Amino acid sequence: MEMIKDKGRPAIEALNLTKLFGSLTAVDKVNFKVYKGEIFGIVGPDGAGKTTTLRMLAGIMDQSRGTASIAGYDTKKNSSDVKEHLAYMSQRFGLYPDLTVAENINFYADLYGVAVKGRGKLITDLLGFSHMQQFKKRKARDLSGGMKQKLQLVCALIHTPAVLLLDEPTNGVDPVSRRDFWRILYKLVKQGVSILVTTAYLDEAERCNRIGLLDKGKLLAAGTPHEIKKLVEGRVLIIRSPDARKINKLLQKRLSGLNVDIFGDTVHIACKTIEKTRETALKIIRDAGLRVSRIKESIPSIEDIFISMMSRDSRPDSSLSKKSFLVSQKGSGSGHDKEIAVRVDHLTRTFGRFKAVDNISFKVPKGEIFGFLGPNGAGKSTTIRMLCGLLSPSSGKGFVAGFDILTRAEQIKQNIGYMSQKFSLYDDLTVEENIAFYGGIYGLKGDAMKMRRAWAMEMAGLKDHGKSLTSILSAGWKQRLALSCAILHEPPIIFLDEPTSGVDPLSRRRFWDLIYDMADQGVTVFVTTHYMEEAEYCDRIALIYKGRMIAMGTPMELKTRQMHENILPNMEDVFISLIEEDDRKEESERQKDTGQ
């Protein structure tokens with residue numbers, strides 16, 4: 001986005017904004033300004049202070065020191081004036097599930113004191129604005145995740161604010177819905193609304209006029225995306241390869257002193273001298289017999305900057321040696337191909353007249369990271385629940401570790417690890433107590449339980465926090481603890497349903513380090529995700545839409561199929577393109593059936 005030329009008075013201003021919780025400094029002397037018609041994005045790891053900053057600006061929480069203003073009004077001295085000019089959408093914004101879309105909007109209109117006269121036209125405009133008109137009679141609980149987020153935004157906008165605060169508004173929302181959501185934000189900006197948004201998606205940071213990088217309560221840098229990209233130390237060399245995971249591990253060991261990270265099918269190296277690093281890296285790779293598709297210097301991405309600037313001294317040791325993680329050697333079902341971990345044949349699930357999963361078939365080999373992608377409501381979670389023995393299919397067949405999902409559900413549960421979107425860690429239990437609870441469920445006792453508990457805490461990076469309540473952990477720590485609990489019994493197959501939703505990029509990267517280590521030891525990982533860069537971390541991808549499988553292949557195969565004008569698209573482009581293509585086919589078939 002372009003910079004705002006006529007800045008005028010700041011719509012949002014923070015001056016030395018500070019928040020203390022006892023001895024903890026959650027926000028530390030933060031300074032920034034947001035102008036009329038501007039989108040300012042704040043990115044940072046879990047616990048960086050993003051939500052605390054927004055809550056102080058919204059007047060929900062008093063600052064310990066410093067000042068803040070909204071539309072020229074001091075948030076502490078003129079709180080009533082601030083509320084008239086502000087809309088705040090928190091991560092836990094309250095929709096009422098038993099009310100319809102229209103009823104939820106009217107409730108918030110009453111809450112904000114919006115006049116009844118003229119309200120109907122305003123609501124109609126907002127529903128049209130967000131493409132929600134056809135769903136106004138649908139109950140909120142029946143909406144997809146993306147539609148819920150759009151409804152929350154409509155509710156926040158019902159009183160036409162000058163300033164909009166959005167706390168990670170698109171977490172857990174598929175790329176199609178995220179694009180729709182950002183189109184709405186751009187329309188608001190054109191109307192002069194000022195927007196402050198926190199996000200865990202670094203591609204969204206690129207869409208802001210300016211961004212700020214927040215870590216441990218401190219604002220490390222602020223500026224346009226172009227200005228921020230100049231902050232990376234040295235230059236960036238990228239290596240694209242089908243052996244990217246192996247190359248990443250190898251270069252991390254051999255290129256001491258350089259930052260080496262994997263981004264999908266490419267390895268990024270932050271260095272000072274491109275030619276020397278290129279020569280050294282190529283020799284190491286070729287000596288190891290690994291392949292290189294392309295090697296070149298690249299402009300740093302926002303994620304490159306984020307990773308390089310965030311503190312990395314807390315990275316847990318994610319190395320899972322064979323001594324500490326042995327894939328279970330439990331027996332499989334009769335007649336099972338031991339090289340196939342999951343097999344699905346014409347699997348279908350209906351709920352009344354609604355077909356949630358429609359005649360899908362695929363195979364997942366042992367040790368593969370298999371990505372299962374699709375928009376909200378596409379049928380991903382329903383498929384996983386059937387494969388985990390938690391839901392019976394309406395028709396078709398499925399085998400997991402050789403066991404029939406129709407008749408051997410209990411055996412399947414003993415051979416898999418399952419981490420759902422809302423994995424039920426118990427917030428009122430400590431880290432050790434959660435591990436002990438799940439270990440008991442899997443039948444671990446005595447020395448075996450002690451050994452697995454120590455392993456799980458080390459894997460999650462929480463060995464010094466065993467007595468800490470789970471409720472105080474950041475989202476990233478909770479996700480790693482949840483994964484540890486799901487694989488305490490060393491299953492050969494792991495199902496991860498949106499495992500990194502709402503987790504910052506650095507924590508996601510660490511989480512995927514763990515997944516890679518397990519896959520390298522023969523564990524089969526079946527994962528759903530909304531993060532398109534994560535799709536590129538998978539060995540193969542299947543795209544499900546409206547319950548049907550519409551594409552399958554390696555990330556490179558899918559990108560190559562969608563190549564236009566010799567430009568290789570990213571996975572989000574592929575995702576959107578395939579869905580739009582399927583919609584066109586469906587509309588064409590509908591017109592043929594109706595004779596139009």
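**Briefing: helices and strands in a predicted model**

Helix α12 (residues 380–387) lies across β15, β16 and β18 (395–400), in contact with them (heavy atoms within 4.5 Å). Helix α12 runs at about 120° to β15, with axes fitted to C-alpha atoms, for helices over the stretch in contact, and angles from 0 to 180 degrees between N-to-C directions. This is a predicted model, where local features need pLDDT of at least 70, side-chain atom pairs count only at pLDDT 80 or more, and totals for chains, interfaces and linings use all residues. Residues are numbered from 1 along each chain as its sequence is written, and side-chain values use heavy atoms, without hydrogens and water. Helices (H or I, at least four residues) and strands (E, at least two) are DSSP runs, numbered from the N terminus.

**The open sheet**
- Four strands form an open sheet in the order β16-β15-β18-β19, with antiparallel pairing (at least two DSSP bridges between two strands).
- β16 (354–365) and β19 (403–404) are at the edges with a single partner strand each, so each has one side without a neighbour in the sheet.
- β15 (residues 340–351) pairs with β16 over eight bridges.
- R349 has V357 in β16 as its bridge partner.

**Strand β8**
- Five of the five residues of β8 (residues 194–198) are buried (under 20% relative accessible area, 1.4 Å probe, protein chains only).
- S194, L196 and T198 point one way, and I195 and V197 the other.
- β3 (residues 39–43) pairs with β8 in the parallel sense over four bridges, and F40 stands opposite L196.
- β7 (residues 163–167) pairs with β8 in the parallel sense over five bridges.

**Helix α17**
- In α17, 15 of the 16 residues are buried, so the rest of the structure largely encloses this helix.
- G522 follows α17 and has a positive phi, near 95°.

Terms used. Buried < 20%, exposed > 50% of the residue type's maximum accessible area, 1.4 Å probe, protein only.
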